[in-house]
Amino acid sequence: MSRPSWGLGAACQYALEIGVENIWHHVRGLAAGMRGMLAELPGMTVQDRGVEKSGIVTFFHESVPAEVLVGALRDEFGINTSVSNTQLTRRALRARGVTSLVRASVHAYNTPEEIERLGASLMALADGKRNYRELNAGQPV
């Protein structure tokens, strides 16, 4: 068996041990918590639609570009997110001048504390204040 298969095998074993339904409830709960937290942050707008939402959460800030948020979350706080560029956004967003969104995904191994850390990090980035020691959760400054 080659090395790439080991990771897939471990992931499948992990999912079977925890239970796919349990994982889904956990992911859905964390994502709902993230959406609620983001909706409370000044200047943030959550863009998820649909009746059944996944663990992928998309949002933007009214004045801080998605690319800046994603880079700073990664470089300054060790939080992985990605950018959904304009070709992937809805026409109505482009008409409002929104050219990209931040995409955050929760997984079976994420915790509510990590969602809180994301919120605190976004607040620090949006208002220009950064308390690195508290927000980095052990990451080197």
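**Exercise 1.** In this predicted model, Ile18 is found in helix α1 (residues 3-18). Determine whether Ile18 is buried, partly exposed or exposed, and identify the nonpolar surface patch to which Ile18 contributes.

*Solution.*
1. The relative accessible area of Ile18 is 33%.
2. Buried means under 20% and exposed means over 50%, so Ile18 is partly exposed.
3. Together with Tyr14 and Tyr109, Ile18 makes a nonpolar surface patch of about 310 Å².

**Exercise 2.** State how many salt bridges the structure holds, and describe the partners of Arg28 and Arg35.

*Solution.*
1. There are three salt bridges in the structure.
2. Arg28 pairs with Glu52, with the closest N and O atoms 3.2 Å apart. This pair links distant parts of the chain, 24 residues apart: Arg28 belongs to helix α2, and Glu52 to the loop between β1 (44-46) and β2 (56-61).
3. Arg28 is partly exposed at 31% relative accessibility, whereas Glu52 is exposed at 55%.
4. Arg35 pairs with Asp48, with the closest N and O atoms 2.6 Å apart. Asp48 lies in the loop between β1 and β2 and Arg35 in helix α2, so this salt bridge ties together parts 13 residues apart in sequence.
5. Both Asp48 and Arg35 are buried.

**Exercise 3.** Identify the elements with the lowest and the highest mean pLDDT, and decide where caution is required.

*Solution.*
1. The chain averages a pLDDT of 84.
2. Among its elements, helix α2 (residues 20-40) has the highest mean, 96, and helix α6 (residues 132-135) the lowest, 42.
3. The pLDDT is below 50 over residues 131-141.
4. Where pLDDT is low, the predicted coordinates should not be read in detail.

Definitions and conventions: Residues numbered from 1 in each chain as written. Predicted model: local features only at pLDDT ≥ 70, side-chain atom pairs only at ≥ 80, totals over all residues. Heavy atoms only, no water. pLDDT = per-residue confidence, 0-100. Helix = DSSP H or I, 4+ residues; strand = E, 2+ residues; numbered from the N terminus. Contact = heavy atoms within 4.5 Å. Patch = residues over 30% accessible without salt bridge, like charges linked within 9 Å, V, L, I, M, F, W, Y side chains within 5 Å. Areas by Shrake-Rupley, 256 points an atom, 1.4 Å probe, with all protein chains shown as cover. Salt bridge = Lys/Arg side-chain N within 4 Å of Asp/Glu carboxyl O. Buried < 20%, exposed > 50% of the residue type's maximum accessible area, 1.4 Å probe, protein only.
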